[in-house]
Amino acid sequence: MADSSEKQRQSGESPRSSEPSTLPTVNAVEKPEPPQSSLHPAFYVVAWIGFSGGVILFNKYLLDTMGFTIVLTTWHMVFATFMTQVLSRTTSLIDGRKTVKMTGKVYLRAILPIGFFFSLSLICGNKAYLYLSVAFIQMLKATMPVAVLITSWSLAVAPVNLKQLGNVSFIVIGVVIASIGEIRFDLTGFLWQAGGISFEATRLVMVQRLLSSAEYKMDPLTSLYYFAPVCALMNGVVALLTEVPTMTMQNIYNVGYVVLIANALIAFMLNVSVVFLIGKTSSLVLTLCGVLKDILLVAASMGIWGTPVSATQFFGYSIALGGLMYYKLGADQLKQYAGQAGRSWQEFGQNKPATRKALIFGLVLFVMFVLLGGLAPTYAPEQTGKLRDYMGFNTGGVVNTHP
């Protein structure tokens, strides 16, 4: 009996002594996993909001200074073409192009038509800034999901769904109310912006239809790698026929070469920030960032250019933003995230009550500042103008010339 138990003990021990199980452990120690990025996801959120809002405000300034919209979009696309070519040869940011089975047939069938509508959306969207305020344009852009939905039905990409139509109806109602409340409404600018939204919706649906398979899916930078040269060529031809004949070097000197390069660099960095934002966060964060960015742009337009925003617009835009979040997230997700946010806010108040009170007080002050700043040009234009002159603000620009 003792001999048999001794044999079992030895047979149980011998595999452990002969197993090469220590090799993976040694390899794991010798080759540790690459360190994760030390940057907090909030950094990518702030970067995307900053670049996205900065491009819009920067473009508004340049368009008011130069007055040539198509030339500006052409310059952006030429710069983007150059930068994507450089990054493709020096970094791994555009390695996604290696998985795209791009052929001449695919280029003619998909890239060229999508690039054509991309160019039209850029031209029309920038033209609108010559007639409308940044605040009102951001309100109109809230209808993009509606335009994409209707376009997908028109092109038979998706079946007609009346429930979805009901979900987006709040966006339409809110934007209609905001448009009625617009103090400096301009029909020409409204039509330009409507055209830009329609062309952009068509582009997005065509991307979904023509490039929906796995071998053609692209991240924003890879898409820019293929579409920027097409847009640069198309916009350049239009600019040569329309704006370049009336343009002089003095228009460039009024802006400055450094400013133009900085503007194009910020526009390009927006595409880079989108790649990192999508990779480091979720679709919920992307949706909420878009809503926050639009609100901040409306506030920035009111503060920088003194854009008057009526109470009717605030009411309509609030409905549109609520409808936008409901459409993108859905009722169940909204309830879930609202519950999580409420619990987190309650825990934050218990741990740091003084900080929470300070945040609430600051938010109230910010809302009052935005409301009073927007309503002041409406109800006290003379006093507001004197204050702006005293502070040294220059309210010049195409938009302000329209009563």
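Author: Helices here are DSSP runs of H or I with at least four residues, and they are numbered from the N terminus. Serine 121 is found in one of them, helix α5 (residues 104-128). This is a predicted model, where local features need pLDDT of at least 70, side-chain atom pairs count only at pLDDT 80 or more, and totals for chains, interfaces and linings use all residues. Residues are numbered from 1 along each chain as its sequence is written, and side-chain values use heavy atoms, leaving out hydrogens and water.

Reader: Why is serine 121 called buried?

Author: Buried means under 20% relative accessible area, exposed over 50%, and partly exposed in between (1.4 Å probe, protein chains only). Serine 121 has 9%, so it counts as buried.

Reader: What does serine 121 touch, beyond residues up to four places away in sequence?

Author: Contact means heavy atoms within 4.5 Å. By that rule, serine 121 touches Gly196, Phe199 and Glu200.

Reader: Why are cysteine 231 and cysteine 289 called buried or exposed?

Author: Cysteine 231 has a relative accessible area of 0%, so it is buried. Cysteine 289 is buried too, because its value is 5%.

Reader: How many disulfides are there?

Author: A disulfide is a pair of cysteine sulfur atoms within 2.5 Å, and the count comes to zero.

Reader: How do you know what span helix α8 should have?

Author: The expected span is 1.5 Å times one less than the number of residues. Helix α8 (residues 162-180) has 19 residues, so 27 Å is expected; its end C-alpha atoms are 26 Å apart, which agrees.

How values were computed: Helices (H or I, at least four residues) and strands (E, at least two) are DSSP runs, numbered from the N terminus.
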